[in-house]
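Trainee: Could you walk me through one part of this model up close? I'd like the strand pairing and whatever surrounds it, in one go.

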Number of protein chains: 2
Amino acid sequence: MRPGKLDEGEIEYALSSLKGWTRNGTSITRTFAFKKFLDGIAWVDKVALAAERLDHHPDLDIRYNKIAATLSTHSAGGLTKLDFELAREMDALG
Amino acid sequence: MRPGKLDEGEIEYALSSLKGWTRNGTSITRTFAFKKFLDGIAWVDKVALAAERLDHHPDLDIRYNKIAATLSTHSAGGLTKLDFELAREMDALG
């Protein structure tokens, strides 16, 4: 079963446990910076495997050594705990 | 030496040899669609190696199994033959 939409209080609480992520309405976003272009690509590969495991896929905008990640649960019409779980995994891999 | 900016006639000619790419002012763009998310990621890995070899890096926007690629030569302030070379390599790998 897919998780339900978080309410405002839950979102604030989950966001407060993360660093570098900002909220834009129904999504959260963070830009990751890497020393080299291929370091960023190696991170994308690891994130992709985490995304497949969670069956939850981030939007990734690759701009040389900077990669902007955006998370939202479209099927729920907002943010769910899946978004924050993937955010934490992306942080740990970054 | 880095290649110089192409003129309008050269851009039209180079663009006519490609399929699926559209021009937006000083850049060209194409959206690649893949059967599965990880197929797109595998393509990104191959494109990344081509980009490093050419020392020319595409903007890549990953949206699940669709990836939008945008090419421009910022140092030249427009499109150069490097953009079309990388576009052809991306097509061949896609």
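**Where the E3 strands meet**

Mentor: Start with A:Ile62, which sits opposite B:Leu60 in E3(B). Keep in mind that this is a predicted model. That pair belongs to a strand pairing between the chains: E3(A) and E3(B), the latter covering residues 59–63 of chain B, run antiparallel and share 3 bridges. Now look at A:Asp61, whose bridge partner in E3(B) is B:Asp61.

That pairing of like with like fits the symmetry. Chain A can be laid on chain B by a rotation of 180°, with 0.0 Å of shift along the axis and an RMSD of 0.0 Å. This is the relation of a two-fold axis. And where does chain A come nearest to that axis? At A:Asp61, the residue whose C-alpha is the nearest in chain A, 2.2 Å from the axis. Both copies also use the same surface, as 100% of the contact residues of chain A recur in chain B.

Stay on the E3 strands and pick out the charged side chains. A:Asp59 makes a salt bridge with B:Arg63, with 3.6 Å between the closest N and O atoms. It is a pair that crosses between the chains, running from strand E3 of chain A to strand E3 of chain B. Going the other way, B:Asp59 forms a salt bridge with A:Arg63, again with the closest N and O atoms 3.6 Å apart. In general, side chains of opposite charge can pair when their charged atoms come close. The interface of chain A and chain B holds 4 salt bridges, and over all chains the structure has 12. As for polar contacts between chain A and chain B, the count is 4 residue pairs.

The strand isn't working alone on its side. Helix H2 (37–54) and strand E3 (59–63) of chain A each supply at least two residues of the side that touches chain B. H2(A) gives the most to that side, with 9 residues. By residue type, the side of chain A that touches chain B splits into 11 nonpolar, 1 polar and 5 charged.

Now zoom out to the whole contact. It draws 17 residues from chain A and 17 residues from chain B. About 1500 Å² is buried between the two chains, with carbon and sulfur atoms giving 65% of that. On the chain A side, A:Phe37, A:Ile62 and A:Arg63 lose the most area to chain B, together 28% of what that side buries. You've met two of them already: A:Ile62 across from B:Leu60, and A:Arg63 in its salt bridge with B:Asp59.

Next, follow E3(B) away from the contact. E3(B) is joined by 5 bridges to strand E4 (residues 66–71) of chain B, and the two run antiparallel. B:Arg63, the salt-bridge partner of A:Asp59, has B:Lys66 as its bridge partner in E4(B). The E3(B)–E4(B) hairpin has 2 residues between its strands, and B:Tyr64 takes a positive phi near 55° there.

Back in chain A, E4 spans residues 66–71 and is tied to E2(A) by 6 bridges, again antiparallel. One opposed pair there is A:Arg30 and A:Ala69. E2(A), residues 27–33, also pairs antiparallel with strand E1 (residues 22–24) of chain A, over 3 bridges. In that pairing A:Arg23 stands opposite A:Ile28. E1(A) and E2(A) form a hairpin with 2 residues between them, and A:Gly25 in the turn has a positive phi of about 65°.

Note on methods
Residues numbered from 1 in each chain as written. Chains lettered and ligands numbered in written order. Predicted model: local features only at pLDDT ≥ 70, side-chain atom pairs only at ≥ 80, totals over all residues. Heavy atoms only, no water. Contact = heavy atoms within 4.5 Å. Buried area = accessible area lost by both parts, 1.4 Å probe. Polar contact = N/O pair within 3.5 Å; in protein donor to acceptor, adjacent residues only side chain to side chain. Helix = DSSP H or I, 4+ residues; strand = E, 2+ residues; numbered from the N terminus. Nonpolar A, V, L, I, M, F, W, Y, C, P; charged D, E, K, R; others polar. Pairing = 2+ DSSP bridges. Least-squares fit on C-alpha atoms with pLDDT ≥ 70 in both.
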